[in-house]
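Thanks for coming. I have one structure to go through today, and I will keep to the rings and one pocket. Please look at the screen.

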Amino acid sequence: MKKSEALRILGLQDGATDDEIKKAHRVKVIEHHPDKYAQDPEKHAWAEEQTKRINEARDVLISRKWEPEFGRGPYANPYGNPCAGSPSRGQGAGGTPGSSNPYGDPFQGWPFGAGQGQTTWVWTSWDAATQAGNPFDPFGAARPQKTPAEKLDEAQKNLRNELGVIAIKLACLAVLGVLASLASGLFLYVAASIIYGLWKRLGSCLVAFFFPIALVGAPFLMLIAPRAGAVTFGLAIFFALAVLFDIVNVRNAVNAYRAARKAAAAK
């Protein structure tokens, strides 16, 4: 990674101290933490990639080991004259003083600027595009960046959704436990947890995969279904797993909310 790219990723200026680099790194990691997008696989993958780049930018700046800004080769530096040689080489036949090219500077004069041995860089519209990202990526450069306040609102919404789903499942469990049997309530709790888990990971694609999932899941549901109103061993095990699933989801939502609140407070 180049130094200029690392500075841009962390939002720093050249000459930043190690403490400033570490502070900027912490803020950026919190802003792009993948756990905040647990319900959106596309955003989660994007956040993981951003986090990797943020970590790489910190390592590059801390270690002072970055790639050359313009790579290697005679045309690597857009600010220099690719035909200009070392002044110690003298002048070639019919060439430019200090140049190894016997025919002089082919870029001399308009629109390239300052004259022999002083070719300047020609700015194009691509340069403005590449400052925001890859100009050949139609989505990366234009992807909107959410503000810390928007990220905090999203984290609050996700936490409310998790708690709301658990509350609904517990209410259904209580109602069935009173009107029918405890086994029926546990079975509904497990089935609802499975459907909700698939919805979180597949989203609207769950509709397309409904029948294949139903064919595969039907034998499993029959296996854990209550027998004559009694709680089977399999049902008890999977109810425990469903509760653990809910605990993990709430923990992730709380962590994402805390990170978003910390990032919003830092602004």
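I will start with the chain as a whole, then take the aromatic pairs, and end with a pocket.

First, a caution: this is a predicted model. The protein chain has nine helices and zero strands. If you read along the sequence, the pattern is therefore just α-α-α-α-α-α-α-α-α. The chain has 267 residues, and 28% of them are buried. Now take the contacts with a separation of 6 or more: 54% of these join residues 24 or more positions apart.

Next, the rings. How many aromatic pairs are there? Ring centres have to lie within 6.5 Å to count as a pair, and the count by that rule is two. One is tyrosine 37 with tryptophan 46, with ring centres 6.4 Å apart. Their planes stand at 80 degrees, so this pair is edge-to-face. As for the surroundings, tyrosine 37 and tryptophan 46 are both buried.

The other pair is tyrosine 189 with phenylalanine 239. Here the centres are 5.2 Å apart and the planes are at 65 degrees. The cut-off for edge-to-face is over 60 degrees, so this pair is edge-to-face as well.

Where do these two residues sit in the chain? Tyrosine 189 is in helix H6, residues 182-202, and phenylalanine 239 is in helix H9, residues 233-266. They are 50 residues apart, and the pair links distant parts of the chain.

Are tyrosine 189 and phenylalanine 239 buried or exposed? Buried means under 20% relative accessible area. Tyrosine 189 has 4%, so it counts as buried. Phenylalanine 239 has 21%, so it counts as partly exposed. Tyrosine 189 has one more neighbour to mention: lysine 169 lies over the face of its ring, at 4.6 Å from the ring centre.

That leaves the pocket. Rolling a probe the size of a water molecule over the atoms shows where empty space is left. I will describe the second largest pocket, which has a volume of about 320 Å³. Helix H6 comes up again here: H6 and helix H8, residues 210-224, each supply at least two residues of the lining. H8 gives the most, with seven residues. The lining includes Ala191, Ile194 and Leu198, and also Phe210, Ile213 and Leu221.

What classes of residue make up this lining? There are eleven nonpolar residues, one polar residue and no charged residues. Gly217 is among the lining residues, and glycine counts as polar here.

That is what I have. Questions, please.

How values were computed: Residues numbered from 1 in each chain as written. Predicted model: local features only at pLDDT ≥ 70, side-chain atom pairs only at ≥ 80, totals over all residues. Heavy atoms only, no water. Phe/Tyr/Trp six-rings, centres within 6.5 Å; stacked < 30°, edge-to-face > 60°. Buried < 20%, exposed > 50% of the residue type's maximum accessible area, 1.4 Å probe, protein only. Helix = DSSP H or I, 4+ residues; strand = E, 2+ residues; numbered from the N terminus. Lys NZ or Arg CZ within 6 Å of the ring centre and 35° of its normal. 1 Å grid on protein atoms, 1.4 Å probe; cavity = no way out; pocket = protein on both sides within 12 Å on 5 of 7 lines; lining within 4 Å. Points joined across faces, edges and corners; volume = space filled by probe spheres on them. Contact = heavy atoms within 4.5 Å.
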